[in-house]
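Here are some short exercises to help you find your way around a new structure. Try each task with the model in view, then follow the solution step by step.

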Amino acid sequence: MKNAGKLKTAIITTAIVVLSAIFYYFGAAGLWDIGVSDRLNQQESVTNKKIYIIGIDDKTLEQYGPVNTWSRDIPAKLVEMLNTEAARPAVIGFDVIYSEQADEEADKHFADACQKAGNVVVAQSFSFKEMPETDADGKVTYNPYHVDYIIKPYESLKKAAINGYANTTVDADGYVRQAMAYIDYEGERAYSLSSQIYKIYQESRGEEAVFPATYGRSNRFYFTYSGKPGGYNVVSMADVLDGTVDAGIFKDAVVLVGAYAVGMQDSYTPAITHNSQMYGVEIHANIIEALLEGKTQIPFSPFIYAVVAGILCGGFFVAAGRLKMLPTGILFVILTVFDVVFAKLIYQKGSIVPVILLPIVLALIFLAKVIQDYLTEIMRRRRVVNVFKQYVAPQVVDKISKDKDFELVLGGENRHIAVLFVDIRGFTTMSESMQPEEVVEILNEYLSLTTKSIFDNGGTLDKFVGDATMAVFNAPFALDDYIFRAVCTAWDMRAGADALADKFEKRFGKSVAFGIGVNCGNAVVGNIGCEFRMDYTAIGDTVNTAARLESNAKRGQILISEEVYEAVKDRVRVTPIGEIPLKGKSKGVFVYQLDEVKK
């Protein structure tokens with residue numbers, strides 16, 4: 001049995017490990033868990049004060065008109081104004097794609113300004129298309145990041161400035177929380193706009209640009225936002241161009257130029273705020289700061305996570321099977337808190353793990369325990385009720401079913417009880433002269449009377465033995481005034497026997513009378529038998545004496561022991577019989593005939 005239990009536990013634990021891995025995969029793919037990670041880890045904390053945004057805002061559009069009508073002299077003027085000795089930024093990044101040539105002279109002006117500055121990054125855009133690719137082993141796979149075509153800056157600007165693709169990575173749930181570091185294309189490595197700006201800024205400070213770990217064919221990474229919408233220093237492009245804003249504030253800084261007006265349709269939903277939009281240029285600012293501060297992450301190993309989660313869930317499953325509800329609930333809370341703290345700590349170390357997956361599995365195990373305990377309790381009560389409803393009064397059965405501590409187990413306890421035996425006098429002789437159907441009818445009526453009398457007084461029906469009935473009082477539960485209740489039961493049986501005697505005399509011409517014996521004392525009470533077949537009964541000298549009293553009682557006579565009489569003498573009228581010898585006892589027992597009960 002123990003080995004079977006261990007095997008069951010091992011199988012269930014293994015299943016939990018596998019389910020954890022499956023849940024992890026679909027959780028990561030569906031991004032239902034990462035949203036919780038956003039709320040746990042994405043918190044505003046702008047630390048880099050050297051990142052500025054020059055916004056093409058409503059004021060700029062009102063002054064200069066729609067962007068697609070601008071002369072390239074306008075961005076050229078901005079580059080020239082910024083790249084003076086007093087104001088030269090470390091890098092200027094344009095989150096605007098200047099793909100088509102317009103005015104040749106103005107286009108050349110902008111390209112020359114960028115070439116002369118040497119610190120300008122302009123945007124381009126990759127268009128991806130899922131395509132089949134064959135690896136070195138000849139295996140065909142589908143690459144969703146196959147470059148179909150590139151929207152590039154016009155030729156002279158492309159050569160004059162540094163290029164970086166400005167694609168925004170939007171997850172399946174519509175939020176931006178990932179970025180692409182670079183893409184290997186046609187034998188060359190093409191860096192993103194944010195990556196290029198990060199590289200140049202680090203070089204300007206004499207530091208090495210260290211790119212974070214990435215994953216997937218698009219070399220993606222998760223990043224932590226530092227600012228919410230409007231969290232960075234934003235100035236209007238119009239104010240810079242007309243000198244309202246001193247260009248000196250941009251010295252040695254990162255300057256990003258991009259759309260900052262609703263009409264330019266360059267806004268997304270960031271992971272840091274799930275209910276507001278952020279302009280693309282602000283997202284680039286957040287990515288750059290994440291690269292500078294090392295606030296990037298990649299998914300944690302699914303295999304390692306599944307093993308760890310499986311072990312924890314397996315341990316919780318085993319513990320839940322051994323602990324009671326309250327300790328199990330406390331353990332569930334502890335493991336849930338551990339999971340959240342672990343997820344946050346490992347996020348800070350550069351990895352993302354599911355936050356609510358483990359608590360969900362633990363909650364399912366806990367729920368399963370609740371259901372199991374509930375069903376077990378129902379089955380236990382049903383089993384107890386089914387056993388005892390054969391022996392005791394309905395109110396006693398109801399009490400047993402509500403007692404959570406009552407256990408139906410093999411064994412007994414020493415308990416002081418009252419015992420009653422009743423038997424039909426002359427039943428064997430009578431049954432020989434009657435039809436079987438008549439005998440059964442008489443017996444059933446007689447047993448109904450004895451059972452009702454026992455139950456009406458709160459006693460426990462121990463057993464039927466042919467035409468004899470045995471009852472105990474004060475077991476299985478304590479019963480008030482149980483000795484007097486036993487005496488009252490005997491008196492009720494005698495009263496009911498007179499009515500039965502008249503009934504059967506008229507119908508069958510036969511008379512029925514009882515002999516009853518009542519005793520009290522200590523006895524062993526409990527379930528006697530074996531695991532698969534047990535009876536609730538009482539055994540011991542007290543029981544044997546009650547049986548001997550009943551066998552010595554004449555027709556219609558109730559005999560009680562001296563112990564019973566002493567307990568109820570103020571409420572009964574008796575006739576002393578004296579000491580009589582009882583079979584199996586070396587010493588006689590003083591008995592009384594019960595003549596009246598004063599209820």
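**Exercise 1. Decide whether N474 is buried or exposed, then describe its backbone and its surroundings.**

Step 1. N474 has a relative accessible area of 10%. Buried means under 20%, so N474 is buried. Please keep in mind that this is a predicted model.

Step 2. Next, place the residue: N474 sits in the loop between β19 and α16.

Step 3. Now look at the backbone. Phi of N474 is positive, about 85°, although this residue is not a glycine. Most residues other than glycine have a negative phi.

Step 4. Stay in this loop, which joins β19 (468–473) and α16 (482–508), and you will also find P476. The peptide bond leading from A475 to P476 is cis, and its omega is near 5°. Most peptide bonds are trans.

**Exercise 2. Find the loop that holds N219, and work out whether N219 is buried or exposed.**

Step 1. The loop runs between α7 and β10.

Step 2. The relative accessibility of N219 is 13%. That value is under the 20% limit, so N219 counts as buried.

Step 3. Check phi too: N219 has a positive value near 55°, and it is not a glycine.

**Exercise 3. Locate N119 and say how far it lies from V91 in sequence and in space.**

Step 1. Look for N119 in the loop between α5 (104–117) and β3 (120–134).

Step 2. With a relative accessible area of 2%, N119 is buried.

Step 3. Along the sequence, N119 and V91 are 28 residues apart, while their C-alpha atoms are 4.9 Å apart in space.

**Exercise 4. State how many cavities of 30 Å³ or more the structure has, and describe the largest cavity.**

Step 1. Searching the whole structure gives 3 cavities of that size.

Step 2. The largest cavity holds about 140 Å³ of space. It is lined by 17 residues, and N167, T168, A179, H284 and I287 are the closest to its centre.

Step 3. Two or more lining residues come from each of β7 (178–180), α7 (193–204) and α9 (280–293). Helix α9 makes the largest contribution, with 4 residues.

Step 4. Sort the lining by class: 9 residues are nonpolar, 8 are polar and none is charged.

**Exercise 5. Describe the lining of the second largest cavity by element and by class.**

Step 1. This cavity contains about 50 Å³ of space. Its lining includes I34, S37, D38, N41, R177, Y222 and F223.

Step 2. The elements that supply two or more residues are α2 (34–41) and β10 (220–223). The largest share, 4 residues, belongs to α2.

Step 3. By class, the lining has 5 nonpolar, 4 polar and 2 charged residues.

**Exercise 6. Find the helix that gives the most to the nonpolar patch on the surface, and check how accessible V370 is.**

Step 1. The patch is formed by W32, M325, I360, L364, L367, V370, I371, Y374 and L375, and together they have about 810 Å² of accessible area.

Step 2. Helix α12 (residues 357–388) contributes the most, with 7 residues.

Step 3. V370 is found in α12. Its relative accessible area is 32%. Since buried means under 20% and exposed means over 50%, V370 is partly exposed.

Note on methods:
Residues numbered from 1 in each chain as written. Predicted model: local features only at pLDDT ≥ 70, side-chain atom pairs only at ≥ 80, totals over all residues. Heavy atoms only, no water. 1 Å grid on protein atoms, 1.4 Å probe; cavity = no way out; pocket = protein on both sides within 12 Å on 5 of 7 lines; lining within 4 Å. Points joined across faces, edges and corners; volume = space filled by probe spheres on them. Nonpolar A, V, L, I, M, F, W, Y, C, P; charged D, E, K, R; others polar. Patch = residues over 30% accessible without salt bridge, like charges linked within 9 Å, V, L, I, M, F, W, Y side chains within 5 Å. Areas by Shrake-Rupley, 256 points an atom, 1.4 Å probe, with all protein chains shown as cover. Salt bridge = Lys/Arg side-chain N within 4 Å of Asp/Glu carboxyl O. Buried < 20%, exposed > 50% of the residue type's maximum accessible area, 1.4 Å probe, protein only.
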